[in-house]
Every structure is written in structure tokens, then in C-alpha cells.
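Here are my notes for you, as numbered points. I hope they help as you look through the structure.

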Amino acid sequence: MRYNNRKADQLRPINVELGINKHAEGSCLIKCGDTHVMCTATVEEKVPTWIKGTGTGWITAEYGMLPRSTQTRMDRESKKGQSGRTHEIQRLIGRALRAAVDLKAMGEISIKIDCDVIQADGGTRTASITGGFMALYQALEKLVSEGKIKQNPIKDSVCAISCGICDGQAYLDLDYNEDSSAETDSNFVITGSGRLVEIQGTAEGEPFTTEQLMDLLKLAQKGCDELKNLQQTLLGYKGA
């Protein structure tokens, strides 16, 4: 039996508070069980030099874990340099969010999403994508209200969830204890319309089968559908 008697296809309790940072153009605090991530969106009216003059916007992300977000204190990465894991996660977040937006309709505007893990208990990257989209949406709505863009260029919502196989059983939304002992762990990034942006899947021991992959995908689709509904309710977004 899972912690708190959670069913195999059940998400951890989700709580999201929008607009938590008065300075950022968009922000939220997303809590997925004991994983808490603060997501903020910053607008810059310029783009990287390599797309300057194309009329296209850009969205990127930075990700970090606070020193006591885990059981033992870790050094700040500003002190020792970013790890390969951090680079990989923030590139994943950026790719996921760009898939949701018509960058051409943004004009030459950049938005940076900062995802800061306050407390980690598994699924920090997926919570960052789900919360990052909500911060991004708020920032784009602000640009519309200020007349800087004509309409919100969101094409579709996007969210993400982890799944894994523990003792031969497929589970949705792994916490740290499950993730650290899983035979297979995976992350799915899915749009509101059900299209796949990215699948990450790794066998930590015995290779997994195609049938098990499909079991994980079905769980992910169910979980992301619930997250999508929460996003749309909180943001007042009706979807694609």
C-alpha cells in the first residue's frame, strides 16, 4: 500500500497559489504533496541575438534547489557551479513551455521562468513544468492587458507528471521514497489536447516492456488530464 493509502493511479494532493510574487509578471507556488516549487515569470522586451530581427519571441527557464530543500543541506550551485542534472532539467522545462506557445505571435519578447524548489519529495521537474505554465500564462495575459501583444499566444496548455514501476506495479506521481526504489522511473510532458511533448523513461534494473510503457503512459495521461483541469480552472483558460 502506498503512503496515505494512495491508489496506484492517484495524484498526491495538489495545491496552487497564484500571484505570490508582486514583482514578477507571473508567479505561483505549486505544492504536489511534499514537493513545493515557486515559479516566477520575468518579461524582457528583447530576444537572444540569434533570433533578433526575426519577429519571434523566446521562452527559457532556470531551475534550482534551495540548500535545505532536501534532507541534508546542499551547497548553492552559485558557489560550486551548475550540475549536469540542473542543466538537463531547465532545458526540459524550457522545451515544454515553448511547445505551448506560438513564439511568432509574441513578437521580439523574451520570458524567463524561474523554478525554485523550496522542498523536494520527488517530481520537482514535473511540478516545475506544471507550475511554470501557470506563471507563463499570467505573464502573457499581463502583456495583453498592457497592449504589448494583441492576444495571448498560448496554443495549448502543458503539464507533466512522473510515473514508475515499483515491485512490478505501475504507479502515478512518485514521491521520493518510491522514486528512489523504483525499478523503472519516467516523466511525461503532455499538452492539454493530449499530445506528447517529451517522454523520459529509464530502467534502473530489469528492462521494462512495451506493455509496461503503455501502462505508464495511461497513468500519465490520466494524471495530466487532472492537472490540466486544475490549470484551466485557476487560470480561467478554456483550452485550445
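1. A term first: a cavity is a set of grid points where a 1.4 Å probe fits but cannot get out, and its lining residues have an atom within 4 Å of a point. Please keep in mind that this is a predicted model.

2. With that in hand, the structure holds one cavity of 30 Å³ or more. The volume of the largest cavity is about 70 Å³. Its lining consists of Arg-12, Ile-14, Ile-30, Cys-32, Gly-123, Thr-126, Ala-127, Thr-130, Ala-160, Ile-161, Asp-173 and Leu-227. Strand 2, helix 3 and strand 6 each give two or more residues to this lining, and helix 3 gives the most, with three. By class, seven of the lining residues are nonpolar, three polar and two charged.

3. Now to the open spaces. The largest pocket holds about 590 Å³ of space. It is lined by 27 residues, and Arg-85, Gly-122, Gly-123, Tyr-176 and Asp-179 are the closest to its centre. Two or more lining residues come from each of helix 3 (124–145), strand 6 (158–166), helix 4 (176–181), strand 8 (184–191) and strand 9 (196–203). Polar residues number 14 in this lining, alongside eight charged and five nonpolar ones. Gly-123, listed here among the residues closest to the pocket centre, also lines the largest cavity.

4. The second largest pocket has about 300 Å³ of space. Around it are Tyr-3, Asn-4, Asn-5, Arg-6, Gln-10, Arg-12, Pro-13, Gly-33, Asp-34, Asp-121, Asp-175 and Asn-177. Five of these count as polar, five as charged and two as nonpolar. Arg-12 is worth selecting in your viewer: it lines this pocket and also the largest cavity.

5. What about the packing? In soluble globular proteins, nonpolar side chains tend to be buried together. In this model, the largest nonpolar core has 42 residues, and Val-101, Ile-111, Leu-136 and Leu-140 have the most contacts inside it. The elements that supply two or more residues to this core are strand 2 (26–32), strand 3 (35–44), strand 4 (58–65), helix 2 (84–98), strand 5 (110–119), helix 3 and strand 6. Helix 3 gives the most, with ten residues. A second, separate core has 15 residues, including Ile-161, Ile-190, Leu-216 and Cys-224. Of these, Ile-161 also appears in the lining of the largest cavity.

6. Which residues does Leu-136 contact, leaving aside its neighbours within four places in sequence? They are Ala-41, Ile-59, Leu-97, Val-101, Ile-111, Ile-113 and Ile-154. Among them, Val-101 and Ile-111 are, like Leu-136, listed with the most contacts inside the largest core.

7. Two backbone angles deserve a look. Most residues other than glycine have a negative phi. Asp-167, although not a glycine, has a positive phi of about 55 degrees, and Asp-173 has a positive phi near 60 degrees. Asp-167 sits in the loop between strand 6 and strand 7 (169–172), while Asp-173 belongs to the loop between strand 7 and helix 4.

8. Are these two aspartates buried or exposed? Asp-167 counts as exposed because its relative accessibility is 75%, and the cut-off for exposed is over 50%. Asp-173 counts as buried because its relative accessibility is 2%, and buried means under 20%. Asp-173 is also one of the residues that line the largest cavity.

Conventions: Residues numbered from 1 in each chain as written. Predicted model: local features only at pLDDT ≥ 70, side-chain atom pairs only at ≥ 80, totals over all residues. Heavy atoms only, no water. 1 Å grid on protein atoms, 1.4 Å probe; cavity = no way out; pocket = protein on both sides within 12 Å on 5 of 7 lines; lining within 4 Å. Points joined across faces, edges and corners; volume = space filled by probe spheres on them. Helix = DSSP H or I, 4+ residues; strand = E, 2+ residues; numbered from the N terminus. Nonpolar A, V, L, I, M, F, W, Y, C, P; charged D, E, K, R; others polar. Buried < 20%, exposed > 50% of the residue type's maximum accessible area, 1.4 Å probe, protein only. Core = buried A, V, L, I, M, F, W, Y, C linked by side-chain atoms within 4.5 Å. Contact = heavy atoms within 4.5 Å.
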